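Thank you all for making the time this morning. I would like to walk through one structure slowly, and I would ask you to keep the picture in view while I talk.

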Amino acid sequence: MAKDRSAPELDRDLADLPPELRWLEWMRRIEAVLFSSPTPVPREDLARVVGQGASVDLLVEDLAADLEGRAFEIAQVAGGWMFRTRAAYAPAIRAAADIGDQLLDLSEFDIAVLAAIAYHQPITRDGLKDIFGKEISRDLIGRLHARELIGTGPRSPRRGAPYTFVTTEQFLVAFGLETLGDLPDREQLEDAGMGGA
């Protein structure tokens, strides 16, 4: 993003404020950035609005504590932080707000294919066929791609160089994961009755 030359320089250090007010102002700046961003904001970006040496992690922790009891919270997802409505308020939002396109609206099989892609990426449609024992339709792949949950990975080194599929940052955001390492391991899935041999 190009910097607007006419905008005044941001006073990051706030040296004229007492320490407790400086900390509070940095928290409010982080809150404003997170509130205005539709995507997770990484630590490096948040560090641009606070004084040098200020701990973004501690500021976010204090902001999260400040938000206790509110309808929204700070979630650490996809390598950054973002505001999320607390799950307890999902029924109220569905009842009152027009959120139509924001819902994932995926079938169980769509989610199973998405999980297979997440665990085996990069994977081809043939690889998915081997897992599920049946052809995975281009429509299903298209639905996952249209919701930006998957993207095209590197071409497979096999004959014909078929496309592979990988999960996206939007996948991490949609499922509240910071990284793919946060996916449950296969043993956890089996313990929950969802794994196969």
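I will begin with the chain as a whole, then turn to a pair of helices, a hairpin, and a few single residues.

Please keep in mind from the start that this is a predicted model. The chain has 197 residues, of which 31% count as buried, and its secondary structure comes to 9 helices and 4 strands. If you read along the sequence, the order of these elements is α-α-α-β-β-α-α-α-α-β-β-α-α. When we take the contacts between residues at least 6 apart in sequence, 50% of them join residues at least 24 apart.

Let me now go to helix α5. This helix has 13 residues and reaches 18 Å from its first C-alpha to its last, which is close to the 18 Å expected at 1.5 Å a residue. Which residues of α5 are buried? They are Asp110, Val113, Leu114, Ala116, Ile117 and Ala118. As for what covers these buried residues, the list includes α6, α7, β3, β4 and α8.

The first of those covering elements, α6, deserves some attention. It helps to recall that two packed helices are described by the angle between their axes and the distance between the axes. Here α5, which spans residues 108-120, and α6, which spans residues 125-132, pack at an angle of about 115 degrees, and their axes lie 11 Å apart. The crossing of α5 and α6 is right-handed. From the side of α5, the contact is made by Phe109, Ala112, Val113, Ala116, Ile117 and His120, while α6 brings Leu128, Ile131 and Phe132. Sorted by class, this contact of α5 with α6 has 8 nonpolar residues, 1 polar residue and no charged ones. As you look at those residue numbers, remember that an α-helix has 3.6 residues a turn, so residues three or four places apart point the same way.

Between α5 and α6 there is a loop, and proline 122 lies in it. The peptide bond that joins glutamine 121 to proline 122 is cis, with omega at about -5 degrees.

Just past that loop, in helix α6, we find arginine 125. Is arginine 125 buried or exposed? It counts as buried, because its relative accessibility is 17% and the cut-off for buried is under 20%. Leaving out residues up to four places away in sequence, arginine 125 touches Glu135, Ile136, Ser137, Arg138, Ile141 and Phe165. One of these partners, arginine 138, is 13 residues from arginine 125 in sequence, and their C-alpha atoms are 8.7 Å apart.

Phenylalanine 165 also appears in connection with histidine 145, a residue of helix α7. Histidine 145 and phenylalanine 165 are 20 residues apart in sequence, and from C-alpha to C-alpha they are 9.3 Å apart. Histidine 145 is partly exposed, with a relative accessible area of 40%, and, residues up to four places away not being counted, it touches Ile150, Gly151 and Thr152.

Now to the hairpin. Strand β1, residues 72-77, and strand β2, residues 80-85, pair in the antiparallel sense over 6 bridges, and in this pairing phenylalanine 72 stands opposite threonine 85 of β2. There are 2 residues between the strands, and alanine 78, in the turn, has a positive phi of about 50 degrees. Alanine 78 is also buried, with a relative accessible area of 16%.

Which residues does glutamate 169 contact, once neighbours within four places in sequence are left aside? They are Thr39, Pro40 and that alanine of the turn, Ala78. Glutamate 169 itself lies in helix α8 and is partly exposed, at a relative accessible area of 44%. Its C-alpha atom is separated by 8.9 Å from that of glycine 79, although the two residues are 90 apart along the chain.

My last stop is leucine 14, which sits in the segment before α1. Its phi is near 50 degrees, a positive value in a residue other than glycine, and at 7% relative accessibility leucine 14 counts as buried.

Note on methods
Residues numbered from 1 in each chain as written. Predicted model: local features only at pLDDT ≥ 70, side-chain atom pairs only at ≥ 80, totals over all residues. Heavy atoms only, no water. Axes fitted to C-alpha atoms, helices over the stretch in contact; angles between N-to-C directions. Left-handed = near helix turned anticlockwise from the far one by under 90°. Contact = heavy atoms within 4.5 Å. Nonpolar A, V, L, I, M, F, W, Y, C, P; charged D, E, K, R; others polar. Pairing = 2+ DSSP bridges. Expected span 1.5 Å × (residues − 1). Buried < 20%, exposed > 50% of the residue type's maximum accessible area, 1.4 Å probe, protein only.
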